[in-house]
Amino acid sequence: MLQELYQPNKEFAKNARIKNMCEYNELVDAANEDYEGFWGAFANEKIDWFEPFTNVLNETNAPFVKWFEGGKLNVAHQCIDRHIESRKNKAAIIFEGDRGDKQIITYLELYYQVNKFANLLKEDFGVKKGDRVVIYMPMIPEAAYAMLACARIGAIHSIVFGGFSAEALRDRINDAEAKVVITADGAYRKTKPYMLKPVVDEALAEGNSPVEKVLVVERNNEDLEWVAGRDYSYNELIKDKSPECPAEPMDSEDPLFLLYTSGSTGKPKGVQHNQAGYILWAQMTMEWVFDVKENDTYWCTADIGWITGHTYIVYGPLAMGATTVMFEGVITYPDAGRPWKMVEEYKINQFYTAPTAIRVLHKTGENEPAKYDISSLKVLGTVGEPIDPPAWKWYYEEVGQSKCAIVDTYWQTETGGHIVSPLPGATPIKPACATLPLPGIIGEILDPETGRKVGAGESGYMCVTRPWPSMIRGVWGDPERFIKSYFGDVKKDGKAVYFTGDGAVYGENGYITITGRTDDVINVSGHRMGTAEVEAAIKKHWNVAEVAVVGKPHEIKGEGIFAYIVLKSDEGVADEVEEVKAINNIIKKEIGNIAVCDDMVFAPGLPKTRSGKIMRRILRSIAKGEPITQDISTLEDPSVVEKIENMVKGV
Ligand code: 6R9
């Protein structure tokens, strides 16, 4: 195992914030010895408090915990105002549009834009502290202004990824009881305009919507249908707004945002993050894991519709006063050299993306990095799903020129920020391995039966056994689901601990390799998808009697979506291709393009136990083409397995 380790670049390590494993261990020990002292000291050092906190951690009502009680702060102040004195002319956001249009927004400019936006929300829309605001936006600077404007006035934003359908948007709006939606007329993708506002119209069409007002950023100048008294142009309203808006003093535990994510059952849940703990860890992990320096330019290719975009495009980089690149386009367009061209042009120092993107860049543009001067790169990051060793190697050798650390950052929507990751100046790295828990995070692989920490070479459940500042604070409107989803599976010393939903295995040196979800969540191109959600959409087709959805390994996407469908009747199914299309159209309507199935099999039945439980493990094995190892004799109808197997072989 050890020969597979790559040591940190010595030159880089000299100036890194955490320079070696001794320093890493000192921090880990400090947290172990005095957990509250450790976090309290960092909270004092990093956050510009309006009023100091009086208590570090309150666990009396665990798992509902409170961090930094008594403290007052404002996240927009932390991300913008406090930098004005020393960084007013520094680029806060470098925006590159899909068509190559560029914009550089300084911290002072960001301050004015966000204040105006905040005043608009307050004065024209009556948005108050605690109100929910849904943001359904493309990757344009106004999306970041919208987030920070909400934070400034204490409104709770809930971003819905622009690829979600009207139905999915409606569900999220209703669940959050949002008063306002902020959107854009449209945006560009591969130089072609597409529309967003009509999706909002459709989401609100049913009536009974909690939404009172819709704010439209006119990016494409498309002709739109405007609903009088509901829809307003941002471009018009913003004109006469004052560039000064006081930052609302917020309690440490006031909610900052909701972000809906998929679980193993039911509809998506609104993951709630609060103010102080979230912003503290967003900033600390930016500093530790990416080691961004004052003059660096950092680029994360995620979309702000996902947690990675929240923490590592907007909140983390701005909290530490860094320059963050925001990219509207598609990284393989016009060709797979686009990101390297941007690295050359902006002299990007840290580049953060997903394994899916790395695989596609590798496959379609293996030699592209060498065509550009990408010598500015220092740290490369990956996130969202396990990365495979060949993709890792290409990333390390061709993009990182064998001198950049790769930080394989493991975390989730619920963790707010990284929890297991190498530190670029300290941790010897290993292909496709997230390595060690970050200091302050008590991450352990536990045996789900006994709650015992497993040994080297053993696998178990990836857990965090103490609360940490940026952890999920609740599932919006459903405290029981919060407890059940995260604290129901694993107990350590009789106490329920946070379980991530992922399996993991320890290497000899305590290194953690994440092996993937243990539940019915699949990971398609790094996007989390509940198989139950896809099944619910498919069931809306009139002719579907039963359905089971599983993940299947996919060369580019990591996992693809494989659906086994039992039709009610073969009659009227003139053409299977048409049936597949019709079902996929329903999925597009109910969820969005990201949930379209890669494979669909019309099965004669599903393998079920006598109590009626669908044996998904069998279906997973069939999808993978693996031999079935489970005992099928106890199934209600064992013959169905062979029938399905034969059908799949013919797919
Ligand atoms: C940040 C993010 C979370 C799920 C998580 C796990 C998978 C994320 C990973 C990884 C292996 C990594 N995941 N990072 N698996 N190695 N470095 O992706 O959040 O969308 O909530 O997904 O993604 O399965 O449980 P989210």
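**Close-up 1. Residues around the largest cavity.** Ile159, Val160, Phe161, Phe164, Arg172, Leu259, Tyr260 and Gly305 line the largest cavity of this predicted model. The space inside this cavity is about 40 Å³. Six of the lining residues are nonpolar, one is polar and one is charged. Gly counts as polar here, so the polar member is Gly305. Arg172 is the charged one. The search covered the whole structure and found two cavities of 30 Å³ or more.

**Close-up 2. The shell around the ligand.** There are 17 residues around the ligand. Asp408, Thr409, Thr413, Asp502 and Arg528 come nearest. By class, the shell holds six nonpolar, six polar and five charged residues. Three elements each supply at least two residues of this shell: helix H11 (307-319), strand E20 (405-409) and strand E27 (512-517).

**Close-up 3. Side chains facing ligand oxygen atoms.** Three side chains are shown here, those of Arg528, Gln412 and Asn523. For Arg528, an N or O atom of the side chain is 2.7 Å from an oxygen atom of the ligand. For Gln412, the distance from a side-chain N or O atom to a ligand oxygen is 3.0 Å. For Asn523, the corresponding distance is 3.3 Å. The ligand taken alone exposes 540 Å², and the protein buries 96% of that.

**Close-up 4. Helix H12 and the residue just after it.** Helix H12 covers residues 338-346. Its buried residues are Arg338, Pro339, Trp340, Met342, Val343 and Tyr346. Lys347 follows just after H12. The phi of Lys347 is positive, at about 50°.

**Close-up 5. The second largest pocket.** This pocket holds about 380 Å³ of space. Helix H15 (479-487) and strand E26 (498-506) are the elements that give two or more residues to its lining. H15 gives the largest share, four residues. In total, 18 residues line the pocket. Ser264, Lys269, Lys484, Ser485 and Asp489 lie nearest its centre.

**Close-up 6. Residue classes in the lining of the second largest pocket.** Eight residues of this lining are charged, seven are polar and three are nonpolar. Among the charged residues are Lys269, Lys484 and Asp489, which lie nearest the centre along with Ser264 and Ser485. Both of these serines count as polar.

Note on methods: Residues are numbered from 1 along each chain as its sequence is written. This is a predicted model: local features need pLDDT of at least 70, side-chain atom pairs count only at pLDDT 80 or more; totals for chains, interfaces and linings use all residues. Side-chain values use heavy atoms; hydrogens and water are left out. On a 1 Å grid over the protein atoms alone, a cavity is a set of points where a 1.4 Å probe fits but cannot get out, and a pocket is an open set with protein on both sides within 12 Å along at least five of seven lines; lining residues have an atom within 4 Å of a point. Grid points are joined across faces, edges and corners, and a volume is the space filled by probe spheres set on the points. A residue is near a molecule or strand if one of its heavy atoms lies within 4 Å of it. A polar contact is a pair of N or O atoms within 3.5 Å; within protein, one must be able to donate a hydrogen and the other to accept it, and residues adjacent in sequence count only if both atoms are side-chain atoms. Accessible areas come from the Shrake-Rupley method with a 1.4 Å probe; for residues, only the protein chains shown count as cover. Buried means under 20% relative accessible area, exposed over 50%, partly exposed in between (1.4 Å probe, protein chains only).
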